[in-house]
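Notebook open, structure loaded. I want to go through loops, cysteines, charged pairs and a surface patch, and jot down what I find.

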Amino acid sequence: MKGICGWLGALPGAAPQAVLADMLAVDGAGVPGGSVPVHAADFHGGVIGDGDDDGDGDGAHADDDCIVLLSDSARMRAAEVADAWRRDGERVLELLHGPFALALFDRRRGRLMLAVDRVGARGLYLVRGGGRIGFATRLAALTRLPGFTPAVSDQALFEYLYLHMIPSPGSIYSGVTKLLPAQVLTCDAAGDAAPAQARFYWRMPYRDGSARFDALKSEFRALLPEVVGAAAAAPAGARVGCFLSGGTDSSTVVGTWRQRSGEPVPTYSIGFDAEGFDEMAYARIAAARFATTPREYYVTAADVVEAVPKVAAFCDEPFGNASIVPAYLCARFARNDGIDVMLAGDGGDEIFGGNERYANQWLFEQWGQVPAPLRGLIRGAVGLPGLGALPPAKKAQSYIAQAEVPLPDRFETYNFMHRTALEDIFEPAFLARVDTGAPLENLREVYRRTQSSAAVNRMMHLDLKITLADNDLRKVNQACQLAGIDVRYPLLDDRLLDFAASVPPGMQLKRTHLRWFFKRALADFLPAEIIAKRKHGFGLPVGLWMREYAPLAELTRASVERLKQRGIVRPGYIDWISQQHQGGHASYYGVFLWILVMLDQWLESHRG
């Protein structure tokens with residue numbers, strides 16, 4: 001995966017070439033290939049992994065009108081972007097497809113334009129200060145700018161503990177932001193007071209109308225070979241493999257590639273020797289169905305102990321999704337086999353109605369369809385004295401209480417941050433410095449931004465950002481980059497996004513049947529066992545292993561003991577979580593213990 005970095009503005013007392021070389025070296029960690037630096041007046045930047053160390057690549061271009069830095073140039077080279085910019089201005093963004101991070105400097109107008117792709121498959125960090133604006137695909141590169149002092153944001157720490165990652169547009173460092181998916185920012189000058197304008201150049205084009213299933217199925221089945229084939233295209237000599245969890249998405253990518261190429265597909269699957277976590281059987285079903293060349297790796301608790309410090313140190317920000325560890329181990333396994341590019345199935349749930357919580361939310365949404373007077377009668381009946389102790393009435397009361405919480409707030413009713421008073425979790429001084437309502441407000445803004453009135457489309461729109469861009473894509477990207485391998489996402493091809501937006505809401509989620517259209521359209525293609533299975537992915541039994549494997553238990557103990565001294569989470573609450581984890585609720589409380597461990601590990605590795 002290529003990257004870009006640079007800045008607009010002066011660097012008094014510093015040698016720009018040396019600073020840029022330092023930024024490129026940091027941003028290129030784990031990226032094979034050389035870098036292409038570009039210098040012009042007060043604009044300095046470069047592309048990592050583009051060409052060789054002598055320069056010349058498709059991601060960088062400079063002429064009298066503009067300078068273009070493009071992280072991914074498979075579909076459009078930087079020189080072509082420059083031509084389109086001269087012809088169409090900012091409409092050039094409509095011509096860019098697939099993953100990209102872009103920096104374009106209009107030399108005649110002194111205007112800088114920064115943008116990322118439609119789903120946020122590539123990220124871009126920004127910082128303004130000292131009379132300049134800096135940008136980089138890796139946060140660590142920005143810390144190399146002279147005068148930039150990384151200061152950990154209390155707000156970001158709170159949002160990490162709330163969501164287990166730091167959602168855009170915020171970042172772990174005060175003053176540093178991240179572009180949102182499909183967002184473009186323009187700035188006419190580098191100065192701190194110069195206005196910067198941000199807007200969305202694309203929105204998921206949901207259509208809430210009706211359509212014929214047979215016509216949609218034909219279009220979908222014709223699209224799949226196109227998008228998978230485009231993703232699998234690689235430079236001469238490069239070897240391409242595929243993640244295979246045994247779920248519908250990875251199996252669809254593998255099967256489609258097998259059909260298109262006519263050759264066995266190298267597939268890589270992860271297993272766990274823990275009851276309820278191992279899904280290797282499904283991966284084997286898919287491998288047999290599509291005659292792949294299967295490779296399997298069983299993750300051990302010792303692997304986790306070895307990987308945690310590496311992953312935490314490499315991640316741009318604290319990251320609490322435990323499946324990043326098996327994702328890294330799987331990517332490293334493939335890389336050791338000589339694989340250069342991996343295809344991943346991420347994105348299918350978020351564009352075809354597959355996340356488990358959608359079914360539950362459909363049930364809760366039905367309460368709003370009941371006439372208000374009848375809702376009042378039901379509410380009063382189940383609340384009659386003495387009925388609360390009866391299981392049916394108790395269940396009805398719980399249903400009504402949750403159903404009357406509006407979306408997207410209802411998603412977070414089981415969040416640790418809502419099940420315990422915040423004053424019991426956080427140190428008072430820390431809590432006084434943060435906006436505790438910000439995480440929910442972020443979710444609400446994304447949920448409401450979509451033009452669709454259908455709840456399932458609004459939920460998918462929210463998950464495109466929170467679950468996918470802020471979480472899953474960041475996980476897989478960083479895991480693969482750490483392993484030294486490229487990754488591509490066929491199901492997030494712009495053509496498939498546009499198609500998925502045309503599937504009627506009632507076909508995406510038919511009552512409580514998840515992915516109704518997707519599964520029915522592929523019923524004669526995917527194995528029946530995989531069509532019927534529930535989503536799991538590369539889930540890690542970390543809660544169990546933190547209790548049962550002594551070295552991991554010690555790593556956990558040391559991390560949480562350090563965290564007690566950081567003035568964030570109350571030591572008493574950490575002790576309570578640890579006791580609950582030891583007392584028979586290892587998987588549930590292990591989740592919160594894990595995010596505490598990864599926070600401490602990140603803070604330890606980034607102390608400098």
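Where does A291 lie? I found A291 in the loop between α8 (280–289) and β15 (293–299); helices (H or I, at least four residues) and strands (E, at least two) are DSSP runs, numbered from the N terminus.

Before going on, a note to self: this is a predicted model, where local features need pLDDT of at least 70 and side-chain atom pairs count only at pLDDT 80 or more, while totals for chains, interfaces and linings use all residues. Residues are numbered from 1 along each chain as its sequence is written, and side-chain values use heavy atoms, with hydrogens and water left out.

**Backbone oddities**

I looked at A291 because it has a positive phi of about 50° although it is not a glycine. A291 has 38% relative accessibility, so I log it as partly exposed; for burial I use under 20% relative accessible area for buried, over 50% for exposed, and partly exposed in between (1.4 Å probe, protein chains only).

H164 also caught my eye: its phi is positive, about 70°, and it is not a glycine. H164 sits in the loop between α5 and β10 and is partly exposed at 22% relative accessibility.

The loop between α5 (154–163) and β10 (176–178) also holds P169. I noted a cis peptide bond joining S168 and P169, with omega about 15°. Another cis peptide bond joins L407 and P408, with omega about 5°; P408 is in the loop between α14 and α15.

**N321 and its neighbours**

Next I looked up N321, in the loop between α9 (301–314) and α10 (324–336). N321 counts as buried, at 18% relative accessibility. Its side chain makes a polar contact with the side chain of S323 at 2.6 Å. My cut-off there is a pair of N or O atoms within 3.5 Å; within protein, one must be able to donate a hydrogen and the other to accept it, and residues adjacent in sequence count only if both atoms are side-chain atoms. Leaving out residues up to four places away in sequence, N321 touches H164, N471, D472, K475 and W594, with contact taken as heavy atoms within 4.5 Å. So H164 turns up again, as one of the residues that N321 touches.

**Cysteines**

How many disulfides does the structure hold? I get zero disulfides, a disulfide being a pair of cysteine sulfur atoms within 2.5 Å. For C242, the nearest cysteine sulfur is that of C330, 9.7 Å away. C242 is buried, with 0% relative accessibility. For C315, the nearest cysteine sulfur is that of C480, 12 Å away, and C315 is buried as well, at 4%.

I also checked C5, in strand β1 (residues 3–9). C5 is buried at 0% relative accessibility. From C5 to G572 I have 567 residues in sequence and 43 Å in space, C-alpha to C-alpha.

**Salt bridges**

I count 48 salt bridges in the structure, each a side-chain nitrogen of Lys or Arg within 4 Å of a carboxyl oxygen of Asp or Glu. I wrote up a few of them.

E90 and R111 pair at 3.8 Å, N to O. E90 is in the loop between α2 (78–88) and α3 (92–95) and R111 is in strand β7 (residues 111–116), so this pair ties together parts 21 residues apart in sequence. E90 is partly exposed at 22%, whereas R111 is buried at 16%.

R335 and D340 meet at 3.1 Å, N to O. R335 is partly exposed at 30%, and D340 is partly exposed at 25%.

R379 and E404 meet at 2.5 Å, N to O. This pair links distant parts of the chain, 25 residues apart, with R379 in helix α13 and E404 in the loop between α14 (391–403) and α15 (416–419). R379 is partly exposed at 36%, and E404 is partly exposed at 40%.

I also found one network, in which salt bridges that share partners join D63, D65, D83, R86 and R108.

**Surface patch**

Which residues form a nonpolar patch on the surface? I have L374, L377 and I378, with about 270 Å² of accessible area together. Patches are made of residues with over 30% relative accessible area and no salt bridge: like charges are joined within 9 Å, nonpolar side chains (Val, Leu, Ile, Met, Phe, Trp, Tyr) within 5 Å. Accessible areas come from the Shrake-Rupley method with a 1.4 Å probe; for residues, only the protein chains shown count as cover. L374 is in helix α13 (residues 372–382) and is partly exposed at 41%.
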